[in-house]
Amino acid sequence: ADIYVTARSNNLASRSDVVRCQTTLPTGASYAVDNLVRVATATSWTGDGVYNSTGENQVSSQTVLNNQSVTYYVQVQNEGTSNDTFNVNAVTNAPTGGWTVSYYNGATPITLPYSLPVNSGLTATLTAVVSAGGTVPVGDIHNAYIISVSQGNSTISDTVRCATQLGNWYRTDGHIKTLSEAVGSYSGNNI
């Protein structure tokens, strides 16, 4: 598209100059990625239309107990005009040990970094299963930052965060006995 800008002198109307501004749309490839995240039990995704390298405003959180796991889905959207392969990697941190993370493409276990081909306008979904071992202290938080980087343009990336916290488990256990039964002869323990 061409736009012409004309400048004329206020004192001499015969003096003027014209500048042509030309805009062209790129005809080559464009690359864009958008990562979204959700807990498997959730129905909506987090992070759609948010692009950053920190996972800010792209966080899905869940609380688990010792020896339990939570499943996260990470959707990689190719928003570019070209088919692309994304290098998917993770950075994890937790104040203490005892956490494990397993990654899957469908039902197939994968190791990160992982090359994930996604055609233009389509998505692919990976799974991250975060497990808390039996010795993780209450309140500990494990963060898994999942990063997708375009192979077509390595300056294009997006990051989401899976935040898993170890919670408390409280359970009441009511015991019963008749008044005539001896002290300590309660029934109903751990039922």
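Here are some worked exercises on the strands, sheets, core and selected residues of a predicted model.

Before starting, note that residues are numbered from 1 along each chain as its sequence is written, and that side-chain values use heavy atoms, with hydrogens and water left out. As this is a predicted model, local features need pLDDT of at least 70 and side-chain atom pairs count only at pLDDT 80 or more, while totals for chains, interfaces and linings use all residues.

**Exercise 1. The chain as a whole**

Task: Find how many helices and strands the chain has, and what percentage of its residues is buried.

Solution:
- Start with the elements: helices are DSSP runs of H or I with at least four residues, strands are runs of E with at least two, and both are numbered from the N terminus.
- On that basis the chain has 12 strands and zero helices.
- Next comes burial, where buried means under 20% relative accessible area, exposed over 50%, and partly exposed in between (1.4 Å probe, protein chains only).
- Of the 191 residues in the chain, 29% are buried.
- Finally, look at contacts, meaning heavy atoms within 4.5 Å. Among those between residues at least 6 apart in sequence, 68% join residues at least 24 apart.

**Exercise 2. The mixed sheet**

Task: Work out the strand order of the five-strand open sheet with mixed pairing, and say which strands stand at its edges.

Solution:
- Strands pair if DSSP finds at least two bridges between them.
- Following the pairs gives the order S4-S12-S11-S6-S9.
- S4 (59-64) and S9 (114-118) are the edge strands; each has a single partner strand, so one side of each is left without a neighbour in the sheet.
- From one strand to the next, the twist averages 25° (axes are lines fitted to C-alpha atoms, and angles run from 0 to 180 degrees between N-to-C directions).
- Now take the pairs one at a time. S11 (residues 141-150) and S12 (residues 157-166) run antiparallel and are joined by nine bridges; here Ile146 stands opposite Val160.
- S6 and S11 are antiparallel too, with eight bridges, and Asn93 stands opposite Asn143 in S11.
- S6 and S9 pair in the antiparallel sense over five bridges, with Leu116 in S9 as the bridge partner of Phe86.

**Exercise 3. The antiparallel sheet**

Task: Do the analysis again for the five-strand open sheet with antiparallel pairing.

Solution:
- The order is S3-S5-S10-S7-S8.
- At the edges are S3 and S8 (108-110), each pairing on one side only.
- The twist averages 30° from one strand to the next.
- S3 and S5 are joined by seven bridges, and Val76 in S5 is the bridge partner of Asn35.

**Exercise 4. The largest nonpolar core**

Task: Identify which residues of the largest nonpolar core touch the most other members, and which strand supplies the largest share.

Solution:
- A nonpolar core is a set of buried Ala, Val, Leu, Ile, Met, Phe, Trp, Tyr and Cys residues joined through side-chain atoms within 4.5 Å.
- This one has 27 residues, and Tyr72, Val88, Trp99, Tyr103, Leu116 and Ile146 touch the most other members.
- Strands that each supply at least two of its residues include S3 (33-39), S5 (68-78), S6 (84-93) and S7 (99-105).
- The largest share, five residues, comes from S10.
- Leu116 is a good one to inspect: leaving out residues up to four places away in sequence, it touches Val76, Asp84, Thr85, Phe86, Val88, Asn105, Ala124 and Leu126.

**Exercise 5. Three residues, three levels of exposure**

Task: Classify Ser60, Asn105 and Pro95 as buried, partly exposed or exposed, then describe their surroundings.

Solution:
- Ser60 is found in strand S4 and counts as buried at 7% relative accessibility. A polar atom of its side chain lies 3.2 Å from the backbone nitrogen of Val39.
- Asn105 is in strand S7 and is partly exposed, with a relative accessible area of 27%. Its side chain makes a polar contact (N or O atoms within 3.5 Å, one able to donate a hydrogen and the other to accept it; residues adjacent in sequence count only if both atoms are side-chain atoms) with the side chain of Tyr114, at 2.9 Å.
- Pro95 lies in the loop between S6 and S7 and counts as exposed at 65% relative accessibility. Not counting residues up to four places away in sequence, Pro95 touches Asp140 and Ile141.
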